[in-house]
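Me: I would like to go through the terms used for this structure and see what stands behind each of them. Please set each value against its cut-off.

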Amino acid sequence: MVAHNPLFHGTWTAKRFQATVINDIWPEVLFFTLIATMVSAVSKLTPHQLVIPSGLLTVLGTVLGLVISFRTSSAYERYQDGRKMWTNISVASKNLAMMFWVHVPATRSIPGVSAEQAELQVIMEKKTMINLIQAYSVSLKHFLRSEPGVYYQDLYPLICFLPRYANEGAHSPEDKLPLWSSSDDFEESRKNKKGNANPRSAADSSGHHPQRTSSLPLHSRNNTPVDDNKSQTSWFRSLGRTSDGRSHSRRNTFDPEKVLPEVDSHHPLKPSRNPPESSLLDFIPLLRFFKWLGRALLMRSMPEHEIEARMKRKKLDQVESNVPMELCMVLTSYTACSVPSTKANPAIASGMTANITSMQDTFSNLERIRNTPLPFAYQAHLRISLWLYLLFLPFQIFNPFGWFTIPGTAFASFLLLGFLEIGQEIENPFNYDLNDLDLDHFCLTLQRELHEISAYTNPEPSSFIFSAWNHPFAPSDRRNAAEIVKHSHYTLPDKKDGLEPGIESIRRTLVKSWREVDSTTRHP
């Protein structure tokens with residue numbers, strides 16, 4: 001299976017060029033090509049021969065090739081592990097949702113509540129838990145992208161009703177629960193960062209208005225300022241924009257957040273997808289050195305208190321998110337409450353717990369992939385060794401290649417540096433790069449499947465099995481189920497077989513079906 005091609009799929013833009021590693025390695029390739037040009041020119045046009053023995057060329061090239069291959073393989077293994085972990089999240093989420101929806105009885109005796117109202121409350125409870133399962137995957141997506149907190153357009157509407165304080169009567173900061181305390185502290189810290197306000201917050205020009213509540217402040221998607229020149233709130237719109245600013249008709253009207261509840265929040269809601277903006281530094285990495293140099297000089301000229309404040313703001317990006325764990329605790333609490341009250345099957349209760357445990361285990365594995373990069377010493381030593389190899393390469397191959405040393409060195413640099421950069425590119429597959437895993441697609445797919453689960457009416461099997469549409473004993477018995485059950489005993493379609501009606505005839509029919517299927521479905 002060939003992977004999706006982000007470079008030539010759809011309208012070509014300069015940003016799509018970042019799907020390759022050329023924009024990252026071209027300064028190095030150019031540098032070593034210039035070295036090869038210098039060696040060739042001096043050796044050809046002057047009496048001096050810039051040549052060294054090539055005895056170590058084969059040995060060092062083989063060793064470097066193996067090491068770079070191992071580097072790329074280990075990075076791809078992390079990429080594959082990330083995809084497998086998201087498959088585990090999807091499977092565990094759907095299994096848990098099915099158990100909640102099907103195996104938790106809709107009938108429950110609630111004191112002071114009518115049977116119809118009690119059934120409505122149970123259905124609302126189960127649907128709310130399924131929404132929290134959806135919120136779990138969304139919170140995990142934001143955590144892996146280093147986006148802590150809960151104030152996002154695709155997350156906050158799903159969990160805004162969860163308890164905020166340990167003591168319901170006293171709404172004091174000391175009683176605020178960890179889920180909300182850490183998120184509020186992070187948002188307050190971001191507000192204190194000068195010149196780093198996120199304009200891509202809660203505004204939405206699509207025209208849907210949130211419902212006001214008396215318990216929440218008036219921050220909504222409609223009254224938060226947004227810079228339209230930098231982004232669109234609906235991230236699918238930004239993906240669908242062409243180079244002249246126009247949008248494709250389908251993606252211009254596609255807004256996944258429209259299906260979520262419209263509520264107000266304590267803080268402006270950030271968009272569900274907030275990738276970093278591309279700059280000239282992404283296409284000309286050489287300029288990063290001058291930026292670093294200017295920043296270093298600026299830091300030296302800053303007062304000590306401003307340097308300390310900047311370092312504190314820099315550490316804000318290291319804040320970890322506890323939202324996935326908090327949601328697992330809510331799901332576990334619901335399981336503990338629903339099993340005794342509904343007298344659910346112990347095997348089903350064990351299955352619920354096992355799926356929640358699987359979600360927790362997968363979360364830990366994803367956190368391990370995200371927070372455990374390849375040791376810097378290994379990366380630095382490998383890159384320096386490759387640089388030295390490419391630096392001395394034209395001196396060793398000039399005698400047999402002559403002027404072809406220049407394209408040969410350029411190709412070798414492009415090949416080796418490209419593989420090295422690919423390993424670094426896919427080492428953390430959870431960001432917004434075009435080669436990263438499409439976490440937004442995974443979350444939206446799971447959202448559709450969870451809503452499909454909750455749309456299941458859980459009918460009695462007898463209501464659809466014994467109908468004229470069902471032919472259970474085909475191909476040996478072509479009669480439908482409604483026709484078969486008209487008789488008190490099952491009889492074979494061909495009464496010449498001589499068997500008595502009943503179980504013996506059923507067995508004969510099943511064996512005959514197997515034999516016919518086995519002979520018909522085999523290639524001659």
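Reply: The terms are taken up in turn below, and the model is a predicted one.

Me: What does the secondary structure of the protein come to?
Reply: It comes to 18 helices and zero strands. Of the 524 residues, 40% count as buried. Among contacts with a separation of 6 or more, 72% are between residues 24 or more positions apart.

Me: Why is Asp154 called buried?
Reply: The relative accessible area of Asp154 is 7%. Buried means under 20%, so Asp154 with its 7% is buried. Asp154 lies in the loop between H3 and H4.

Me: What makes the pairing of Asp154 and Lys141 a polar contact?
Reply: Their side chains are joined at 2.8 Å, and the cut-off for a pair of N or O atoms is 3.5 Å. The side chain of Asp154 also makes a polar contact with the side chain of His142, at 3.0 Å, which is judged by that cut-off too.

Me: Which residues is Asp154 in contact with, leaving aside its neighbours within four places in sequence?
Reply: Asp154 is in contact with Val138, Lys141, His142, Glu257, Leu260 and Ser272. Asp154 also belongs to a network with Lys141, Arg145, Arg273 and Asp440, joined by salt bridges that share partners.

Me: Why is the pair of Glu28 and Arg383 called a salt bridge?
Reply: The N to O distance between the two side chains is 3.3 Å. A salt bridge needs a side-chain nitrogen of Lys or Arg within 4 Å of a carboxyl oxygen of Asp or Glu, so the pair at 3.3 Å counts as one. By this rule the count comes to twelve salt bridges.

Me: What does the salt bridge of Glu28 and Arg383 tie together?
Reply: Glu28 lies in helix H1 and Arg383 in helix H13 (residues 376-401), so the pair ties together parts that are 355 residues apart in sequence.

Me: How do you know whether Glu28 and Arg383 are buried or exposed?
Reply: Glu28 has a relative accessible area of 15% and Arg383 one of 16%. The limit for buried is under 20%, so Glu28 is buried and Arg383 is buried.

Me: What makes Lys270 and Glu187 a salt bridge?
Reply: The closest N and O atoms are 2.5 Å apart, set against a limit of 4 Å. Lys270 lies in the loop between helix H7 (249-252) and helix H8 (280-283) and Glu187 in helix H5, so the pair ties together parts that are 83 residues apart in sequence. Lys270 is buried, and so is Glu187.

Me: Which residues have the most contacts inside the largest nonpolar core?
Reply: They are Trp86, Phe100, Leu140, Val150, Ile159 and Leu331, in a core of 57 residues. The largest share of this core, eleven residues, comes from H2. Not counting residues up to four places away in sequence, Leu331 touches Leu96, Phe100, Met129, Leu132, Ile133, Ile356 and Met359. Another core lies apart from it, with 17 residues, among them Tyr389, Leu390, Leu393 and Leu420.

Me: Which residues form the nonpolar patch on the surface?
Reply: Ile22, Trp26, Leu30, Leu34 and Phe414 form the patch, with about 440 Å² of accessible area together. Helix H1 (residues 22-45) gives the most to this patch, with four residues. One residue found in helix H1 is Leu34.

Definitions and conventions
Residues are numbered from 1 along each chain as its sequence is written. This is a predicted model: local features need pLDDT of at least 70, side-chain atom pairs count only at pLDDT 80 or more; totals for chains, interfaces and linings use all residues. Side-chain values use heavy atoms; hydrogens and water are left out. A nonpolar core is a set of buried Ala, Val, Leu, Ile, Met, Phe, Trp, Tyr and Cys residues joined through side-chain atoms within 4.5 Å. Buried means under 20% relative accessible area, exposed over 50%, partly exposed in between (1.4 Å probe, protein chains only). Helices (H or I, at least four residues) and strands (E, at least two) are DSSP runs, numbered from the N terminus. Contact means heavy atoms within 4.5 Å. Patches are made of residues with over 30% relative accessible area and no salt bridge: like charges are joined within 9 Å, nonpolar side chains (Val, Leu, Ile, Met, Phe, Trp, Tyr) within 5 Å. Accessible areas come from the Shrake-Rupley method with a 1.4 Å probe; for residues, only the protein chains shown count as cover. A polar contact is a pair of N or O atoms within 3.5 Å; within protein, one must be able to donate a hydrogen and the other to accept it, and residues adjacent in sequence count only if both atoms are side-chain atoms.
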